[in-house]
Amino acid sequence: MARHGGRTVRDLRRESRSTVLQRLYFDGPMSRLALGSAAGLSSGSVSNVVAELMADGLVEEAGTLGADGGRPRTLVRVAADRGRLVGVDVGETRVRVELFDLSMSELARTERVLPGHGSRSYDVGVVAGHILDGVAEVLGTDRADGRVQDRGELLGVGIGVPGIVEHTADGTLVHGQTVGWDAVPLEALLRDSGRLPAHVPLFVENGARTLGQAEMWFGGGRGARNAVVVLFGSGVGACVVTDEVEQGRAVEWGHLTVRVRGRRCRCGARGCLEAYAGAEALLARWREAGGQPPSGADEEAALTALLSAARPGDGGEPDPVAAEVLAETAEYLGAGLADLVNLFQPERVLVGGWAGLQLGPAFLESVRAHTLAHALRHPAGRVGIALGRLGPDAVTVGAAILPLAAFFARGGRRPPVDSPAPAPAWRAALGGRLAARRGGG
């Protein structure tokens, strides 16, 4: 096959399809004329690519745009019903599974509670079973006559997990020290179950990274080239997006040492940020100080009780113990964020995760003040600190972005059966510049 600068004609065609799909996805509907200009393709090339994508059912017409003194232009867009994406959030209290169409509109969801939270017996078999059951359930709500609808082809399953994720030639390994996972071959376990179609791509990534990618593509990170997205849940983690690492990098921020010989962390070390600022540690410190969380309450309910005690909404007197614990937590988080600001000098810091969103704007003001007090003046003067915009579903949205990015990288074609997800391609497609493009940056 003919080559152009080391690339085959097939490579060039795939790249053109990929560029057109991405432009339509983030900026559409568009006319062919506008699309050619945006994608850097000639009018003939863009017409051919659009015709090919329409023949594949990936692109559809979306009305017309009037032109002064000229012929109206037909608009085209990505066909949202053409594919389905599954996002999975393996949290530390539950497994959440959601089904989306190509526009990232939610079609179905299910949740399964994880037993034994807080112990190191985070059973791999139980988690894998919940993932498989959840995927089957959400796909079952999108079936007709017992089969997945042809227009809703499953393009992939993305999974966000706690811990360090290692991609190897034999599959993905998860090193989740805080949950007792040591090189767990999660991808192989799910594949070997026989409950996932062999041809469907499967992606596993750190949950903080999937949260960060969701906020960069669709949330508070749109338009930013450099950002830090923080996951504040039972523990804490972060995703760092820079010019050098456009697709985002998960960092084990929760295990940065904030106090030498301090509290024992779930990871086994002493003095980690997570031992003071994660929701689990926050509630433990409240109990140790004399606070009384509701009996039998889960973490979310207990955190609500702490917040109500520290800041009663009925005009009553705040509980000084709860208020002090909350204030101290804000200071620890602020100091930890200041380290990220000094290290990476981001334009934006976004706080997400169920606990961060539950504590809300009032808590964020205190965190912001402590961050700016501890950070160097120059990076502190340039950073914006805000809550994430996508709510508690951000990790599942970000997980579903993984197969979506691979779909773009393949130019909308089905993956090869023997190689469902070439790592360099889908990782490159996660680049933060797509987010900047969507935000107009």
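Biologist: What makes E17 and E18 a pair, and in which sense do they run?

Modeller: Two strands pair if DSSP finds at least two bridges between them. Strand E17 (residues 236–241) has 3 bridges to E18, so the pair qualifies, and the sense is antiparallel. Within it, alanine 238 stands opposite valine 251 of E18. Bear in mind that this is a predicted model, where local features need pLDDT of at least 70 and side-chain atom pairs pLDDT 80 or more, while totals for chains, interfaces and linings use all residues. Numbering starts from 1 along each chain as its sequence is written, and side-chain values use heavy atoms, without hydrogens or water.

Biologist: And what counts as a strand or a helix here?

Modeller: Both are DSSP runs numbered from the N terminus: H or I over at least four residues for a helix, E over at least two for a strand. The protein has 15 helices and 20 strands by that rule.

Biologist: Which strands are called edge strands in the sheet that holds E18?

Modeller: The sheet is open, with 5 strands in the order E18-E17-E16-E19-E20 and mixed pairing. Strand E18 (249–251) and strand E20 (384–387) each pair on one side only, and those are its edges. Direction ignored, neighbouring strands are turned by 20° against each other on average.

Biologist: How do you know that helices pack on that sheet, and which ones touch it?

Modeller: Contact means heavy atoms within 4.5 Å. Helix H11 (residues 354–374) touches E16, E19 and E20. Its direction makes about 160° with that of E20; angles run from 0 to 180 degrees between N-to-C directions, along lines fitted to C-alpha atoms, for helices over the stretch in contact. Helix H6 (residues 207–218) lies across E16, E17, E18 and E19, at about 130° to E16.

Biologist: Why is a set of residues called a nonpolar core?

Modeller: Because its members are buried Ala, Val, Leu, Ile, Met, Phe, Trp, Tyr or Cys residues joined through side-chain atoms within 4.5 Å; buried means under 20% relative accessible area, exposed over 50% and partly exposed in between, with a 1.4 Å probe and protein chains only. The largest such core has 47 residues, and Val230, Trp253 and Phe363 are among those with the most contacts inside it. Helix H10 (320–344) is one of the elements giving two or more residues, and H10 gives the most, 10 residues. Phenylalanine 363 touches Phe232, Arg311, Leu326, Thr329, Ala330 and Leu333, leaving aside residues up to four places away in sequence. Another core lies apart, with 34 residues including Leu21 and Ile401.

Biologist: Why is H1 called oblique to H13?

Modeller: Helix H1 (residues 9–27) and helix H13 (residues 394–409) pack at about 130°, axes 8 Å apart. Under 35 degrees would be roughly parallel, over 145 roughly antiparallel, 65 to 115 roughly perpendicular, and the rest is oblique, so H1 is oblique to H13. Leu21 and Tyr25 of H1 and Phe407 of H13 are among the contacting residues.

Biologist: What makes up that contact of H1 with H13, by class?

Modeller: It has 7 nonpolar, 2 polar and 1 charged residues. Ala, Val, Leu, Ile, Met, Phe, Trp, Tyr, Cys and Pro count as nonpolar, Asp, Glu, Lys and Arg as charged, and the others, Gly among them, as polar.
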